[in-house]
Amino acid sequence: MILDTSEGIYRAHSKHERKNGQTETVCSVHQGRCASNARPCGTPDTLTGTAKLSKHDVFCRATGRKVAFTKALASLPRELRRALWQSYLAQHPVVRTKAA
Ligand SMILES: [Zn+2]
């Protein structure tokens with residue numbers, strides 16, 4: 001995903017994988033272009049965040065992506081986090097489900 005912000009262009013990748021019977025989502029965020037087309041792309045200074053699912057949670061790709069993205073951005077300044085989230089949410093609008 002390309003995150004175009006006033007602070008520059010960032011890229012975010014996320015992948016979901018089964019590990020020891022639990023699903024993890026790993027999100028990598030870095031500035032500028034990818035060092036390669038491989039995944040992981042191997043770009044220096046990539047921030048990563050991991051969302052781990054409890055045994056009792058139901059796996060949801062969107063939730064895993066958001067939790068992992070939040071963790072990946074944790075060390076960045078607030079204004080940059082805000083800009084990245086704005087770009088993220090423009091591409092992944094929040095889908096509200098109707099309460100039963
Ligand atoms: Zn990349």
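The exercises below work through the fold of one protein chain in a predicted model.

**Exercise 1. The elements and their order**

Find how many helices and strands the protein chain has, and state the order in which they run.

Solution.
Step 1. Count the elements: the protein chain contains two helices and four strands.
Step 2. Read them from the N terminus on, which gives β-β-β-β-α-α.
Step 3. Add the extent of the chain: along its principal axes the C-alpha trace spans about 40 × 35 × 25 Å.
Step 4. Add the burial: of the 100 residues in the protein chain, 20% are buried.

**Exercise 2. The sheet**

Work out the order of the strands in the sheet, and find which strands stand at the edges.

Solution.
Step 1. Begin with S1 and S2, which pair in the antiparallel sense over four bridges. Within this pairing, Leu3 has Tyr10 in S2 as its bridge partner.
Step 2. Go on to S2 and S3, an antiparallel pair with 10 bridges. Here His16 stands opposite Thr25 in S3.
Step 3. Look at the turn of this hairpin: two residues lie between strands S2 and S3, and Asn20 takes a positive phi near 50°.
Step 4. Finish with S3 and S4, which are antiparallel and share six bridges. The bridge partner of Glu24 in S4 is Lys52.
Step 5. Put the pairs together: the four strands form an open sheet in the order S1-S2-S3-S4, with antiparallel pairing. Strand S1 (2-5) and S4 each have a single partner strand, so they stand at the edges and one side of each has no neighbour in the sheet. From one strand to the next, the twist averages 20°.

**Exercise 3. Helix H1 and its neighbours**

Describe the span of helix H1, and find which elements its buried residues pack against.

Solution.
Step 1. Take the residue range: H1 covers residues 61-73, which is 13 residues.
Step 2. Compare the span with expectation: H1 reaches 18 Å from its first C-alpha to its last, close to the 18 Å expected at 1.5 Å a residue.
Step 3. List the buried residues of H1: Gly64, Arg65, Lys66, Ala68, Phe69, Ala72 and Leu73.
Step 4. Name their surroundings: these buried residues pack against strand S2 (8-19), strand S3 (22-31), strand S4 (47-52) and helix H2 (78-91).
Step 5. Give the direction: H1 lies across S2, S3 and S4, and runs at about 140° to S4. H2 also packs on the sheet, where it touches S1 and S2, and its direction makes about 125° with that of S1.

**Exercise 4. A partly exposed residue of H1**

Explain why Thr63 counts as partly exposed.

Solution.
Step 1. Place the residue: Thr63 is in helix H1.
Step 2. Count its neighbours: 14 other C-beta atoms lie within 10 Å of Thr63.
Step 3. Apply the cut-offs: a residue is buried at 20 or more such atoms and exposed at 12 or fewer, with partly exposed in between. Thr63 is therefore partly exposed, with its 14.
Step 4. Add a distance: Thr63 and Cys34 are 29 residues apart along the chain, and their C-alpha atoms are separated by 25 Å.

**Exercise 5. The nonpolar core**

Identify the residues of the largest nonpolar core, and find which element gives the most to this core.

Solution.
Step 1. List the 12 residues: Leu3, Tyr10, Ala12, Val26, Cys27, Val29, Ala51, Ala68, Phe69, Ala72, Leu73 and Leu84.
Step 2. Assign them to elements: S2, S3 and H1 each supply at least two residues of this core. H1 gives the most, with four residues.
Step 3. Follow one member: leaving out residues up to four places away in sequence, Ala12 touches Met1, Leu3, Cys27, Ser28, Val29 and Phe69.
Step 4. Turn to the whole chain: among contacts between residues at least 6 apart in sequence, 46% join residues at least 24 apart.

**Exercise 6. The loop between S3 and S4**

Find what sets the backbone apart at Pro40 and at Asp45.

Solution.
Step 1. Recall the usual case: most residues other than glycine have a negative phi, and most peptide bonds are trans.
Step 2. Check Pro40, which is in the loop between S3 and S4. The peptide bond from Arg39 to Pro40 is cis, with omega near 0°.
Step 3. Check Asp45, found in the loop between S3 and S4. Asp45 is not a glycine, yet has a positive phi of about 60°.
Step 4. Judge its exposure: Asp45 counts as exposed because it has 8 C-beta neighbours inside 10 Å.

Conventions
Residues numbered from 1 in each chain as written. Predicted model: local features only at pLDDT ≥ 70, side-chain atom pairs only at ≥ 80, totals over all residues. Expected span 1.5 Å × (residues − 1). Contact = placed C-beta atoms within 7 Å. Core = buried A, V, L, I, M, F, W, Y, C linked by C-beta atoms within 7 Å. Pairing = 2+ DSSP bridges. Axes fitted to C-alpha atoms, helices over the stretch in contact; angles between N-to-C directions.
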